[in-house]
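Let's walk through this model together, starting with how far to trust it and then moving on to how its parts fit.

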Amino acid sequence: MRFRGGVVLTALAFLLVGCGVGVGVRPTGVMDAGEPASGLTRGKRLYYASDTGLRAVPLLDREDDTLDAVMKLLAQGPTAAERREGLTTLVHAPSGYTVTGDGPHVTVTLEGPYWAQRRDQATGQLVCTLASFQSVREAEIRADDVEVTISPGEGPELGPLRCAEFLDR
């Protein structure tokens with residue numbers, strides 16, 4: 001079997017020209033494409049504390065969790081593998097509470113005092129996790145837009161708080 005060199009070279013030249021090789025294409029330099037994507041991603045996520053701040057862990061094996069159940073999941077803490085990665089929970093399950101969500105608003109009502117500070121990782125875990133789940137429960141709501149208010153039975157109300165206040169700290 002014999003190939004004609006001219007046909008192969010012509011086809012190769014055609015491909016190279018189609019790719020811009022050898023036709024005087026000048027480099028354009030760096031082009032600004034704007035700011036990188038930001039904000040919370042959609043999906044059920046538990047937020048755990050770490051030495052570097054809050055870290056989200058996707059929760060894929062749950063079908064339909066109530067906001068009350070999310071508090072319990074968060075208090076249970078990370079799996080053994082997640083603990084080996086340096087994740088922990090600072091949230092403990094309070095003795096009496098209710099969590100309600102309506103659109104972009106979530107309210108945690110506690111029977112007793114709130115156990116953490118307004119701007120610490122424990123509060124961030126709670127706020128970011130509840131925002132994540134509320135945005136899944138109400139698909140038209142973005143997690144970035146969810147505001148969480150913590151209303152203790154004793155002491156001042158905290159909030160409304162947004163997850164962005166606790167990320168990248």
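Keep in mind that this is a predicted model, so confidence comes up first. Across the protein chain the mean pLDDT is 78, and 72% of the residues score at least 70. The spread between elements is worth a look: helix α1 (residues 5-18) has the lowest mean pLDDT, 42, while β5 has the highest, 96. Over residues 5-25 the pLDDT stays under 50, and the model gives that stretch three contacts beyond four places in sequence. Residues 27-39 are also below 50, with one contact in the model beyond near neighbours in sequence.

Now for the sheet. It's an open one, built from four strands in the order β3-β4-β5-β6, with mixed pairing. At its edges sit β3 (97-102) and β6 (158-161), each pairing on one side only. From one strand to the next, the twist averages 10°.

Start at the β3 end. Here β3 pairs with β4 (residues 105-110) in the antiparallel sense, over six bridges. If you want a spot to check by eye, find Thr98: its bridge partner in β4 is Thr109.

At the other end, β5 (residues 147-151) and β6 run antiparallel, joined by two bridges. Look for Ile150, which stands opposite Leu158 in β6. The hairpin of β5 and β6 has six residues between the strands, and in it Gly155 takes a positive phi near 100°.

What packs on this sheet? Helix α2 (residues 67-76) does, touching β3 and β4. The direction of α2 makes about 125° with that of β3.

Helix α2 has another partner as well, helix α4 (residues 121-137): the two pack at an angle of about 140°, their axes 10 Å apart. Angles over 145 degrees would count as roughly antiparallel, so α2 and α4 are oblique to each other. Their crossing is right-handed.

Which residues make that contact? From α2 come Leu67, Val70, Met71 and Leu74, and from α4 come Gln125, Leu126, Thr129, Leu130, Phe133, Gln134 and Arg137. Sorted by class, the contact of α2 with α4 has seven nonpolar residues, three polar and one charged.

To pull it together: α2 touches β3 and β4 of the sheet and also packs with α4. Set that against α1, the element with the lowest mean pLDDT, when you decide where to look in detail.

Methods:
Residues are numbered from 1 along each chain as its sequence is written. This is a predicted model: local features need pLDDT of at least 70, side-chain atom pairs count only at pLDDT 80 or more; totals for chains, interfaces and linings use all residues. Side-chain values use heavy atoms; hydrogens and water are left out. Two strands pair if DSSP finds at least two bridges between them. Axes are lines fitted to C-alpha atoms, for helices over the stretch in contact, and angles run from 0 to 180 degrees between N-to-C directions. Contact means heavy atoms within 4.5 Å. Angles under 35 degrees count as roughly parallel, over 145 as roughly antiparallel, 65 to 115 as roughly perpendicular and the rest as oblique. A crossing is left-handed if the near helix is turned anticlockwise from the far one by less than a right angle, and right-handed if clockwise. Ala, Val, Leu, Ile, Met, Phe, Trp, Tyr, Cys and Pro count as nonpolar, Asp, Glu, Lys and Arg as charged, and the others, Gly among them, as polar. pLDDT is the predictor's confidence in each residue, from 0 to 100.
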